[in-house]
Amino acid sequence: MPQVIAGVSDAMRAAENRIKPKRNSSARILPTIAIDRSAPVSLHQQVYNGYRSAILRGDLRPGQQVPSSRDFATGIQISRFPVLHAYAQLVAEGYFETRIGSGTFVAASLPEQLISVKQTLHQTTNLPPGPRSVSLRSLAYPSYDRAVLTRGWGAFGVHQPAFDQFPFSVWSSLVTEHSRNPRVSALHHISPMGSERFREEICLYLRTARAVRCDPSQIMIVSGSQQALDITARVLLDSENPVFVEEPGYGLMRTVLVAAGCRLIPVPVDREGMDIAFAIKTGKKAKAAFVTPSHQYPLGSTMSATRRLCLLNWAQSTGGWVVEDDYDSEYRYESAPIASLQGLDVNSRVIYIGTFSKVMFPSLRIGYLVIPPDLVERFSAVRLAMDIFPPYLFQEVLADFMSEGHFGRHIRKMRKLYGERRDVLVKSLRNEFGDILDVHGAEAGMHLTVTLPEGFQDVEISARAAQARLWLWPLSPCYLLDKPRHGFVLGFGSTPGDRMPDAVKAFRSVLFP
Ligand SMILES: Cc1ncc(COP(=O)(O)O)c(C=O)c1O
C-alpha cells in the first residue's frame, strides 16, 4: 500500500513551510511588571524581581525578545538608569542574553535549577482534580474532536477545494491594495448586515446564478454557513420546538439545533431528497425544516420539484420555516445548476444560506444569509449581540474579486477540473470494486458517497485508513436513528486526477487487508 497519497500538491506544502513565525514579535510589548514608587524597595530591584518572576513563571519564554531598556523605561515612566542596572544584573545571572545588533532576549537555555523552580511555580496553579460546573447549554454541544477537522490532508479530504488552483496572485494583490488603501468609512463600525458593496455583488450573483429572489438589504454576511445556521436558530426557534432534519444529515447543522434545545425529527432521504410526505405525517407541530435541496448532504440527491412545492406548501399552511443550506451548488456536472428552492417561494418562508467555503477556501470563513424582508430587523438584533458585524477586509477584497470577474472565472475553471476528478474517481471505484460499493450523488458538488455491503463498520475502517493518509469520512455518524447505513463520503476536490487511481487502490487495500 502506498505510504503517502497526498491530496495537496508539493508546492502547497512548500508554501506552508515558508510561513515562519516572526521571532521578535514581542520586542515592543511591555511585560506586566508592577512598579510601586512608594515601596521601600529600589526601582532597579523591582524591575529585576519583576522580570525574574515572569521568567520563572514561564510568562516570558526562553529566546523571547524583551523591550530595550529605553523602551521599557519610557513605557513604565521611570528613569532609564535603574532599568539599565536591572538588565545588567539579569544578564550577569544568566536570565537575559544580549545579541549584538538584535537586542536583549530571555536566555535561550535557562540553567537547570531555574527550570525546576519554574515547574514548582506552575504546579501551584489551583485547578481542582474534577470537572467544574458549566452551563447545561454548553454540555449540549458534542466534544470538539481536533483529529476530525485536521485529518483531511490525505486523499478524499471532504470539504476541501483544490487549494493549489486558487488564483493567489490576484487575491494577494487585492488584499495588498485594500490593506494599503482602506476606505476609511469601512474601517469604522459598519452595519451588522455587512459591507453594502459586497452584499450588492452577492445579490447580483445569487439572482443570476441561483435564481434567488433578493435585494441587497436582505443579505447578511456571516462567518460561514455555520454562523448562519446559529443565528437562524436563535431568531426562529425556541427550546422544545420540533424541527425536521434530513436523515442522514449534516452533523454541524444538528449540533446547532440540539444546542438551541430543539426536538429533532429525523426525516428519511431518498433519491428525491427529504421525504416531505413522511415529515408532514410524523411532525404535525414542526416549526422548521432544515434541508440541503440542491445536493443533499451526505447522500447527494437533488430534491424533486414535487417535493419542493410540497415543502413550500407545508411552510405556508402551517407557518413553518424552511432553511435552505445551499453549500456547494456551483458545481453540477451533468446538467445546468438547479435553481434554488428560495426562488420558488412566493411567501417569503425560506431562509437561504450560502458559503464561500467551497468556491474559495474554508478558512476564509465567509458566508451569507438571504433573509425574508420582515425578519431582517430581528436577524440584525441577534447578530449585534454575537459579534456586532463581520470583519471588513476580506469583504472588500471579495467584492472586487467578484466585480472584476475573477470569481466567475475561478468557478468555471474549477467546475471543469472537479468534473474531471470526479470522472476518474467514479471510474476507478468501478475498476477496483465493481458493484461491491454503491455510488451516490456524483452529479454535483465536491464529494460523492459510497455505501458498503452488510457487515462492514465504517468508523473502524476510517481509523485504519487515516494511518494510510486516506480520509474516509464515515457515513454512519450522519444518522440519528439506529440502523445507519455504513459507507464513506469521498471528497474529490483536492485529490489530483493522476493520483486518484492509486488512492482508490489504497482504499481497496484498507477495506480488504
Ligand atoms: C451541508 C454543509 N453545509 C455547509 C457547509 C459549509 O460550512 P461553512 O460555510 O461553515 O464552512 C458544509 C461543509 O463545508 C456542508 O457540508
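This report looks at the ligand site of a predicted model and then at a nonpolar patch on its surface.

**Around the ligand**

Let's start with who lines the site. The shell around the ligand is made up of His 159, Gly 224, Ser 225, Gln 226, Tyr 250, Tyr 297, Asp 325, Tyr 327, Thr 355, Ser 357, Lys 358 and Arg 365. Sorted by character, that shell has three nonpolar, six polar and three charged residues. Helix H11 (residues 224-236) supplies the largest share, with three residues.

Some of these side chains come with polar atoms at short listed distances from the ligand, as set out here.

| Residue | Side-chain atom | Ligand atom | Distance |
|---|---|---|---|
| Asp 325 | polar atom | nitrogen | 2.6 Å |
| Thr 355 | N or O | oxygen | 2.6 Å |
| Arg 365 | N or O | oxygen | 2.8 Å |

So how much of the ligand does the protein cover? On its own, the ligand has 400 Å² of accessible area, and the protein covers 95% of that.

**The nonpolar patch**

Now over to the surface, where Val 134, Leu 136 and Leu 139 form a nonpolar patch. Together, these residues have about 350 Å² of accessible area. Leu 136 sits in helix H6, which runs over residues 136-139. Is Leu 136 buried or exposed? Leu 136 counts as exposed because its relative accessible area is 72%, and the cut-off for exposed is over 50%.

Technical notes
Residues numbered from 1 in each chain as written. Predicted model: local features only at pLDDT ≥ 70, side-chain atom pairs only at ≥ 80, totals over all residues. Heavy atoms only, no water. Near = heavy atom within 4 Å. Polar contact = N/O pair within 3.5 Å; in protein donor to acceptor, adjacent residues only side chain to side chain. Areas by Shrake-Rupley, 256 points an atom, 1.4 Å probe, with all protein chains shown as cover. Helix = DSSP H or I, 4+ residues; strand = E, 2+ residues; numbered from the N terminus. Nonpolar A, V, L, I, M, F, W, Y, C, P; charged D, E, K, R; others polar. Patch = residues over 30% accessible without salt bridge, like charges linked within 9 Å, V, L, I, M, F, W, Y side chains within 5 Å. Salt bridge = Lys/Arg side-chain N within 4 Å of Asp/Glu carboxyl O. Buried < 20%, exposed > 50% of the residue type's maximum accessible area, 1.4 Å probe, protein only.
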